[in-house]
Amino acid sequence: MIETHNLRKTFKSRKGAVEAVAGVDLDVKKGEIFGFLGPNGAGKTTTLRMLSTLLPPTSGEATVAGYDLLHNAAKVRYEIGYVSQEGSSAPEVPGRSELIMQGRLYGMNKARAQQRAIELITALELADCADRATKTYSGGQKRRLDIGIGLMHLPQLLFLDEPTTGLDPQSRARMWEEVRKLRDIGTTVFLTTHYLEEADALCDRIAIIDHGKIVALGTPDELKREVAGDVVVVGTDDASDRVLHLLRGQPFVREATVGDGLVRLYVDRGETAMPQILRVLDAEGIPLASLSLNRPSLDDVFLRQTGRSLRDAA
Amino acid sequence: MKMLRDTWLMFQRYLMVFLRNPAWVVIGVLQPVLYLVLFAPLLKSLTETPGFPSGGAYNVFVPGLLIQLGLFGASGVGFGLIAELRAGVIERFRVTPVSRFALLLGRALRDILTLVVQSLILLLLAIPFGLHPTVSGVFVMLGLVALIGLGMSSLAYAAALALKSEDSYAPLIFTLSLPLLLLSGVLLPLQLAPEWLQHIAQANPLSYAVTAARDVFNGHGADPDVFKGLAIMAALAVVGVLVGARRFSRAIA
């Protein structure tokens with residue numbers, strides 16, 4: 001559904017050129033929910049805007065929904081829907097009018113557009129507010145309308161830019177349901193997010209992007225498995241660098257990183273590693289503030305690839 | 001064909017948006033009405049001044065007032081576009097296959113319709129004061145206003161798309177529209193101006209529109225100046241549409 005080779009975007013500013021997307025290779029399959037995970041400013045939105053015809057790439061190649069993005073953007077536009085982060089409806093226009101307008105822009109006749117609008121209003125539970133101006137909508141209603149606008153013409157592929165940013169937990173869960181329903185009817189979804197839980201719970205496959213480059217790609221489980229074993233988190237008062245230095249050399253530690261005053265140790269078996277860690281620190285007389293054993297999360301994947309925690313990087 | 005259909009869709013949309021808040025029609029007319037009531041009477045005592053065009057104060061002043069309505073009305077349209085940019089509406093349209101030309105033209109046609117309606121209201125209001133309109137005069141006048149509306153609103157949209165913020169758009173249009181107004185001869189005929197001022201005014205396309213409008217309201221409808229004014233406004237409209245359409249079709253980063 002999406003195939004890119006060495007896709008790049010360079011923005012020129014007064015300070016010089018900034019490479020927002022530095023060579024992205026993607027292969028998104030039909031019918032999957034593909035997540036683009038990364039901190040703010042990593043190049044997620046820029047990539048999405050290139051793939052949805054809003055921004056011409058500086059170089060590289062891309063095929064989107066069967067058409068060459070660079071030479072046939074007009075054809076691509078008929079096949080894709082796009083839901084931006086900023087919203088898409090005019091404050092003084094009722095939601096139903098926005099939906100019908102959108103359908104008409106894709107060539108639907110009036111009757112067809114009205115009928116499709118009713119389908120979406122029902123499916124997205126917007127009946128209560130469909131005929132009110134969108135400025136009166138709640139955050140969740142507004143986001144559902146945005147999705148409805150993106151789906152009006154039954155696109156094969158839907159782009160969602162940060163679909164749940166700014167939503168309360170309930171509306172977020174609701175949005176996840178809507179996205180899963182899309183997969184059930186065969187729509188391919190390409191979304192960006194900086195929420196680890198969202199990528200983990202919602203996406204079939206994930207690409208982790210940082211500084212304009214993809215640093216990891218796979219299913220959430222595959223990515224977590226790459227980290228392998230357990231994560232032991234050691235907390236000390238002001239001694240994290242020393243602890244890192246001491247433990248990094250231990251044979252049972254595969255990798256170690258430090259951040260936020262916490263040392264994260266990647267080990268094969270957490271149960272046996274913990275007593276050994278205690279012994280080493282005891283021998284050096286370093287007082288321990290906390291010690292915990294965790295399963296690897298996507299944050300560990302990110303941390304391992306970039307040396308930073310996604311929570312901090314944002 | 002698709003371009004015409006898309007333009008019609010856009011026109012309907014923006015007309016609906018406008019009609020949801022019809023107060024703007026009144027607000028747009030209010031300023032020229034104030035000129036009509038509070039300024040035009042001053043001209044009555046000037047009609048005897050050498051150089052003042054014949055035809056009476058209102059037949060001289062009202063045509064200019066309509067040109068001013070066109071200028072001010074069209075130069076403010078960018079505010080609505082900036083609000084839409086911020087709401088993400090423009091980006092949403094740009095992802096659809098809609099004709100880029102229609103994005104501009106649909107809006108501009110709505111602006112023209114608004115200006116024509118406002119002009120008619122103003123003409124009707126001016127009759128009790130002493131305006132004597134002619135049918136051909138009204139048609140030429142509305143043609144001029146429509147062309148100014150098309151040209152100026154297209155340029156205003158191009159500026160709004162380039163600047164993307166009210167904070168830079170507002171100073172730009174206020175800075176530009178005042179000299180355009182002063183150098184057009186709307187308030188007082190340029191025949192009263194010293195020669196150097198008349199020379200500068202010749203560089204202002206709107207001054208030709210004002211001359212043409214005045215001629216056609218004062219029995220000189222066949223004067224070459226009328227055709228000159230219409231031709232210059234048509235050229236302004238073409239340039240404006242080309243500049244505006246180019247802006248709409250370019251990517252907005």
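**Contact, cores and local packing in a predicted two-chain model**

The contact between the two chains draws 23 residues from chain A and 18 residues from chain B. On the side of chain A that touches chain B, at least two residues are supplied by each of α2 (73-79) and α3 (95-105) of chain A, and the residues of this side divide into 13 nonpolar, six polar and four charged. The structure described here is a predicted model, and the values that follow are computed from it.

Chain A contains twelve helices and 14 strands, and its C-alpha atoms fill a box of roughly 80 × 45 × 40 Å along the principal axes. Of the 314 residues in chain A, 45% are buried. When contacts in chain A between residues at least 6 apart in sequence are considered, 67% of them join residues at least 24 apart.

In chain A, an open sheet of four strands follows the order β2-β1-β4-β5, and its pairing is antiparallel. The edges are occupied by β2 (16-28) and β5 (67-68) of chain A, and because each has a single partner strand, one side of each is left without a neighbour in the sheet. As a general point, the strands of a sheet pair through backbone hydrogen bonds, in either a parallel or an antiparallel manner. Within this sheet, β1(A) and β4(A) are paired in the antiparallel sense over five bridges, with A:T4 standing opposite A:A62 in β4(A). Strand β4 (residues 59-64) of chain A is in turn joined to β5(A) by two bridges, and these two strands also run antiparallel; here the bridge partner of A:T63 is A:D68 in β5(A). The same two strands, β4(A) and β5(A), form a hairpin with two residues between them, and A:A65 in the turn has a positive phi of about 50 degrees. Helix α1 (residues 44-51) of chain A lies across β1 (2-13), β2 and β4 of chain A, and runs at about 115 degrees to β1(A).

A second hairpin in chain A is formed by β12(A) and β13(A), with two residues between them, and A:D260 in its turn has a positive phi of about 60 degrees. Strand β12 (residues 253-259) and strand β13 (residues 262-267) of chain A are paired in the antiparallel sense over six bridges, and A:E255 has A:Y266 in β13(A) as its bridge partner.

Attention now turns to the nonpolar cores. The largest nonpolar core has 138 residues, and those with the most contacts inside it are B:I67, B:L144, B:I148, B:A209 and B:A213. Helix α8 (residues 135-163) of chain B provides the largest share of this core, 16 residues. Apart from this core lies another, of 15 residues, which includes A:V231, A:A239, A:V243 and A:V253. In soluble globular proteins, nonpolar side chains tend to be buried together. The surroundings of B:L144 can be described in detail: when its neighbours within four places in sequence are left aside, B:L144 is in contact with B:I67, B:A209, B:A212, B:A213, B:G229, B:L230 and B:M233.

In chain B, helix α4 (residues 57-75) and helix α9 (residues 166-182) pack at an angle of about 170 degrees, with their axes 11 Å apart. Angles over 145 degrees count as roughly antiparallel, and α4(B) and α9(B) are therefore roughly antiparallel to each other. On the side of α4(B), the residues B:Q68, B:L71, B:F72 and B:S75 meet B:I173, B:S177, B:L180 and B:L181 in α9(B), and the residues of this contact divide into five nonpolar, three polar and no charged.

Helix α5 (residues 78-87) of chain B contains the buried residues B:G78, B:G80, B:L81, B:I82, B:E84 and B:A87. The elements that cover the buried residues of α5(B) include α6 (89-95), α8 and α9 of chain B. After α5(B) comes B:G88, whose phi is positive, near 85 degrees.

A contrasting environment is found at B:H199, which is placed in helix α10 (residues 195-201) of chain B. A residue is exposed if 12 or fewer other C-beta atoms lie within 10 Å of its own, and B:H199, with 10 C-beta neighbours inside 10 Å, therefore counts as exposed. The C-alpha atom of B:H199 is separated by 42 Å from that of B:L4, a residue 195 residues apart from B:H199 along the chain.

Conventions:
Residues numbered from 1 in each chain as written. Chains lettered and ligands numbered in written order. Predicted model: local features only at pLDDT ≥ 70, side-chain atom pairs only at ≥ 80, totals over all residues. Contact = placed C-beta atoms within 7 Å. Nonpolar A, V, L, I, M, F, W, Y, C, P; charged D, E, K, R; others polar. Buried ≥ 20, exposed ≤ 12 C-beta atoms within 10 Å, placed from the backbone. Core = buried A, V, L, I, M, F, W, Y, C linked by C-beta atoms within 7 Å. Pairing = 2+ DSSP bridges. Axes fitted to C-alpha atoms, helices over the stretch in contact; angles between N-to-C directions. Parallel < 35°, antiparallel > 145°, perpendicular 65-115°, else oblique.
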